[in-house]
Amino acid sequence: MRLPYPEFDPERIVLQVACIDYRPASQIVSSMLSNIVRAVGGGPSDFDSGPPEPNFGWEFYRLSINKVIVRRLASLPDNSIMKMKGETLDQKFSVWFNRQLKVRTDKVQVRLLSELRSSQFGLF
């Protein structure tokens, strides 16, 4: 099953999620994104995820979120997305989302798919 959105859609942020145990990790990630989308007035189509692919003892899956949602979130008072390290909104959101995940679990990591594609090996 593939995401219904292209990997490099300029209106979506596509992330690769790496986790040790897919079920609990995907529930944490989905719950966080559902809360974010709901908080800024988005709908269910504003984020989507693909199936897990096991590799090296980890499970990897893709996650896509609408940039409009991230822009709305970043514009909320006291939100720290724009203070994160990175040059683009996509990079800043990826760093911010990883920090939010780390508070909940240390068994999940998120990276921008575009950055993985541009690296020599595509691994982190």
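Let us start inside this predicted model with a charged pair: aspartate 90 and lysine 67 are both buried. Their side chains meet in a salt bridge, with the closest N and O atoms 3.2 Å apart. Because aspartate 90 lies in helix H3 and lysine 67 in helix H2, the pair ties together parts that are 23 residues apart in sequence.

How many salt bridges does a search of the whole structure find? The search finds 2. Besides the pair just described, glutamate 11 and arginine 71 meet through their side chains at 4.0 Å, N to O. This pair links distant parts of the chain, since glutamate 11 sits in the segment before S1 and arginine 71 in helix H2, 60 residues apart. Here the setting is partly exposed: glutamate 11 has a relative accessible area of 41%, and arginine 71 also has 41%.

Aspartate 90 makes a good doorway into helix H3, so let us follow that helix, which covers residues 89-104. With 16 residues at 1.5 Å a residue, H3 should span 22 Å, and its end C-alpha atoms are 23 Å apart, which agrees. Its buried residues are Leu89, Asp90, Lys92, Phe93, Ser94, Trp96, Phe97, Asn98 and Leu101. What do these buried residues pack against? Their partners are strand S1 (12-19), helix H1 (22-39), strand S4 (58-66), helix H2 (67-74) and strand S5 (108-112).

One polar member of that buried set deserves a closer look. Asparagine 98, found in helix H3, counts as buried because its relative accessibility is 14%, below the 20% cut-off. Leaving aside neighbours within four places in sequence, asparagine 98 is in contact with Val108, Gln109, Val110 and Arg111. Strand S5 spans residues 108-112 and is among the elements that the buried residues of H3 pack against.

The aromatic residues of H3 come next. A search of the whole structure finds 3 aromatic pairs. In one of them, tyrosine 22 and tyrosine 61 are edge-to-face, with 5.2 Å centre to centre and 90 degrees between the planes. That pair links distant parts of the chain, with tyrosine 22 in helix H1 and tyrosine 61 in strand S4, 39 residues apart. Tyrosine 61 is buried, with a relative accessible area of 3%. Phenylalanine 93 and phenylalanine 97 form a stacked pair, 5.5 Å centre to centre and with 20 degrees between the planes. Being 4 residues apart in helix H3, these two phenylalanines are separated by about one helical turn. An α-helix has 3.6 residues a turn, so residues three or four places apart point the same way. Phenylalanine 93 has a relative accessible area of 1% and phenylalanine 97 has 0%, and both are buried. Together with Trp96, Phe93 and Phe97 form one aromatic cluster.

That cluster leads straight to the largest nonpolar core. Of its 30 residues, Val29, Leu33, Leu63, Ile65, Phe93, Trp96 and Phe97 touch the most other members. S1, H1, S4, H2, H3 and S5 each supply at least two residues of this core, and the largest share, 7 residues, comes from H1. Valine 29 shows how such contacts reach across the chain: not counting residues up to four places away in sequence, it touches Tyr61, Leu63, Phe97, Leu101 and Val108.

Now for strand S4 and its partners. Since 7 of its 9 residues are buried, S4 is largely enclosed by the rest of the structure. S4 pairs with S1 in the antiparallel sense over 8 bridges, and valine 14 stands opposite serine 64 in S4. Strand S2 (residues 47-49) also pairs antiparallel with S4, over 3 bridges, with phenylalanine 47 opposite isoleucine 65. Strand S3 (residues 53-55) is joined to S4 by 3 bridges, again running antiparallel, and proline 54 has glutamate 59 as its bridge partner. S3 and S4 form a hairpin with 2 residues between them, and phenylalanine 56 in the turn has a positive phi of about 55 degrees.

A last stop is the loop between H2 and H3, where leucine 76 is placed. Is leucine 76 buried or partly exposed? At 36% relative accessibility, leucine 76 counts as partly exposed. Leucine 76 and alanine 39 are 37 residues apart in sequence and 10.0 Å apart in space, C-alpha to C-alpha.

Note on methods
Residues are numbered from 1 along each chain as its sequence is written. This is a predicted model: local features need pLDDT of at least 70, side-chain atom pairs count only at pLDDT 80 or more; totals for chains, interfaces and linings use all residues. Side-chain values use heavy atoms; hydrogens and water are left out. The expected span of a helix is 1.5 Å times one less than its number of residues. Buried means under 20% relative accessible area, exposed over 50%, partly exposed in between (1.4 Å probe, protein chains only). Contact means heavy atoms within 4.5 Å. Two strands pair if DSSP finds at least two bridges between them. A nonpolar core is a set of buried Ala, Val, Leu, Ile, Met, Phe, Trp, Tyr and Cys residues joined through side-chain atoms within 4.5 Å. Rings of Phe, Tyr and Trp (its six-membered ring) pair if their centres lie within 6.5 Å; planes under 30 degrees apart count as stacked, over 60 as edge-to-face and the rest as tilted.
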